[in-house]
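The following exercises are to be worked with the sequence and the model at hand. Each task is followed by a solution in steps.

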Amino acid sequence: MARISYDDQTATAYKAVREVPRDGLDAWREAVRRHLEPAPGMTVVDIGAGTGAFSAHFGDWFGVDVVAVEPSASMRSRIPRRPGIRVLEGDAAHIPLPDDSADAAWMSLMIHHIPDLEAAAREVRRVLRPGAPVLIRQAYPDRPDRERTFPWEFFPETARTTGTFPTLEATCRAFAAAGLHRDALEPLPEVLMSPAQFLDRVDVFRRSDTSMRDLTDAEFEQGRVRLRRAVEESGHTPRSNWLDLLILR
Ligand SMILES: C[S@@+](CC[C@H](N)C(=O)[O-])C[C@H]1O[C@@H](n2cnc3c(N)ncnc32)[C@H](O)[C@@H]1O
């Protein structure tokens with residue numbers, strides 16, 4: 001059971017405002033390339049693939065085959081259907097792939113939805129070939145400055161929810177129990193949008209984001225006031241968000 005329902009309304013909002021523009025992901029593309037060492041014929045399993053934005057990026061950037069595993073039918077229906085992307089129903093603890101069949105696992109902004117991280121880690125280990133990496137794109141509550149990262153800085157009460165997400169320490173412990181150990185950790189920027197664009201989209205954004213959904217209406221409106229002020233100051237300059245890329249092998 002995910003923390004929020006990825007129903008049709010959420011999936012529509014997610015597709016509209018949460019997919020990071022591809023040209024904002026240069027740092028991610030290059031870091032993933034270094035750790036993945038992509039080669040023709042490689043299969044990457046995108047676990048909790050959502051609307052499939054990264055499934056498409058991985059295919060286009062690296063020419064690899066992607067298996068997009070996603071539990072929500074509404075999110076799954078928005079994954080691009082095209083050669084090189086196989087779309088399957090499943091979740092992190094039930095990956096519909098044979099043992100030792102994937103060359104890497106990609107888990108982006110989804111580990112906080114997994115009810116039993118150790119069980120999921122065992123399942124990920126099962127489907128990966130020995131030595132294959134797990135690449136996790138995530139914000140951890142035990143990493144510095146997380147709560148000031150754009151655009152959540154305008155809504156500091158989102159920390160109430162993100163503070164309950166798995167820590168880096170707990171994540172590494174769960175995967176280590178399954179035989180997958182920390183290999184690298186890199187904070188990476190992604191260019192999201194300007195404060196002005198965020199202000200335009202903030203109501204839709206709220207519907208798609210786990211931590212913003214938990215805000216009271218008063219907290220949300222206070223955040224909107226802060227955001228309006230930022231728009232008046234430097235509102236049209238695109239801003240970046242920072243997340244960690246964790247590699248386990
Ligand atoms: C915030 S979205 C991230 C989507 C995509 N990975 C991305 O980065 O754009 C979280 C996704 O995780 C999925 N999810 C929830 N619980 C899951 C689980 N136990 N195993 C796998 N995916 C899960 C949700 O359905 C949703 O599509």
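**Exercise 1. The ligand and its surroundings**

Task: Determine which atom of the ligand lies 2.6 Å from a polar side-chain atom of serine 108, and then describe the polar contacts and the shell around the ligand.

Solution.
Step 1. In this predicted model, the ligand atom placed 2.6 Å from a polar side-chain atom of serine 108 is an oxygen.
Step 2. Turn next to the backbone. Glycine 48 has a backbone N or O atom 2.7 Å from a nitrogen atom of the ligand. A polar backbone atom of alanine 92 is 2.9 Å from a nitrogen atom of the ligand.
Step 3. Consider the cover. The ligand taken alone exposes 590 Å², and the protein buries 95% of that area.
Step 4. Count the shell. The ligand is surrounded by 19 residues, of which Tyr14, Gly48, Glu70, Ala92 and Ser108 are the closest. By class, the shell residues comprise 11 nonpolar, 5 polar and 3 charged.

**Exercise 2. The nonpolar cores**

Task: Identify which members of the largest nonpolar core touch the most other members, and state which elements contribute two or more residues.

Solution.
Step 1. The general expectation is that nonpolar side chains in soluble globular proteins tend to be buried together.
Step 2. The largest nonpolar core holds 37 residues; those touching the most other members are Leu36, Phe58, Trp106, Phe198, Met212 and Leu245.
Step 3. Two or more residues of this core come from each of the helices H2 (26-36), H3 (53-62), H8 (195-208) and H10 (217-234), and from each of the strands E4 (104-108), E6 (182-193) and E7 (239-248).
Step 4. A second core, separate from this one, has 33 residues, including Val67, Val69, Val127 and Phe175.
Step 5. Examine tryptophan 106 in detail. Beyond four places in sequence, its contacts are Trp28, Val32, Val44, Val45, Asp46, Ile47, Phe54, Phe58, Leu135, Arg137 and Leu245.

**Exercise 3. Acidic residues with little accessible area**

Task: Decide whether aspartate 103 counts as buried or exposed, and decide the same for glutamate 123. Then list the partners of each residue.

Solution.
Step 1. Aspartate 103 is located in the loop between strand E3 (85-89) and E4. Its relative accessibility is 18%, and therefore aspartate 103 counts as buried, because the limit for this class is under 20%.
Step 2. The side chain of aspartate 103 forms a polar contact of 2.6 Å with the side chain of arginine 129.
Step 3. Outside its sequence neighbours up to four places away, aspartate 103 touches Gly41, Met42, Thr43, Leu128, Arg129, Ala132 and Pro133.
Step 4. Glutamate 123 belongs to helix H5 (residues 117-127). With 12% relative accessibility, glutamate 123 counts as buried.
Step 5. Leaving aside neighbours within four places, glutamate 123 is in contact with Ala92, Ala93, His94 and Ile95. Alanine 92 was met in Exercise 1, where a polar backbone atom of alanine 92 lies 2.9 Å from a nitrogen atom of the ligand.

**Exercise 4. Two helical residues**

Task: Classify alanine 13 as buried or exposed, do likewise for glutamate 233, and give a C-alpha distance for each.

Solution.
Step 1. Alanine 13 is part of helix H1 (residues 8-17). Because its relative accessibility is 2%, alanine 13 counts as buried.
Step 2. Its contacts, apart from neighbours within four places in sequence, are Arg18, Val204, Arg207 and Ser208. The C-alpha atoms of alanine 13 and arginine 206 are 8.6 Å apart, although 193 residues separate the two in sequence.
Step 3. Glutamate 233 is in helix H10. Glutamate 233 counts as exposed because its relative accessibility is 69%.
Step 4. Glutamate 233 and proline 195 are 38 residues apart in sequence and 9.7 Å apart from C-alpha to C-alpha.

**Exercise 5. Backbone geometry in loops**

Task: State which peptide bond is cis, and give the location and exposure of aspartate 100 and of leucine 109.

Solution.
Step 1. The cis peptide bond joins phenylalanine 150 and proline 151, with omega about 0 degrees. Proline 151 sits in the loop between strand E5 (134-138) and helix H6 (159-162).
Step 2. Aspartate 100, a residue other than glycine, has a positive phi near 50 degrees. Aspartate 100 is in the loop between E3 and E4 and, at 41% relative accessibility, counts as partly exposed.
Step 3. Leucine 109 is likewise not a glycine, and its phi is positive at about 50 degrees. Leucine 109 lies in the loop between E4 and H5; its relative accessibility of 22% makes leucine 109 partly exposed.

Definitions and conventions
Residues numbered from 1 in each chain as written. Predicted model: local features only at pLDDT ≥ 70, side-chain atom pairs only at ≥ 80, totals over all residues. Heavy atoms only, no water. Core = buried A, V, L, I, M, F, W, Y, C linked by side-chain atoms within 4.5 Å. Buried < 20%, exposed > 50% of the residue type's maximum accessible area, 1.4 Å probe, protein only. Helix = DSSP H or I, 4+ residues; strand = E, 2+ residues; numbered from the N terminus. Contact = heavy atoms within 4.5 Å. Near = heavy atom within 4 Å. Polar contact = N/O pair within 3.5 Å; in protein donor to acceptor, adjacent residues only side chain to side chain. Areas by Shrake-Rupley, 256 points an atom, 1.4 Å probe, with all protein chains shown as cover. Nonpolar A, V, L, I, M, F, W, Y, C, P; charged D, E, K, R; others polar.
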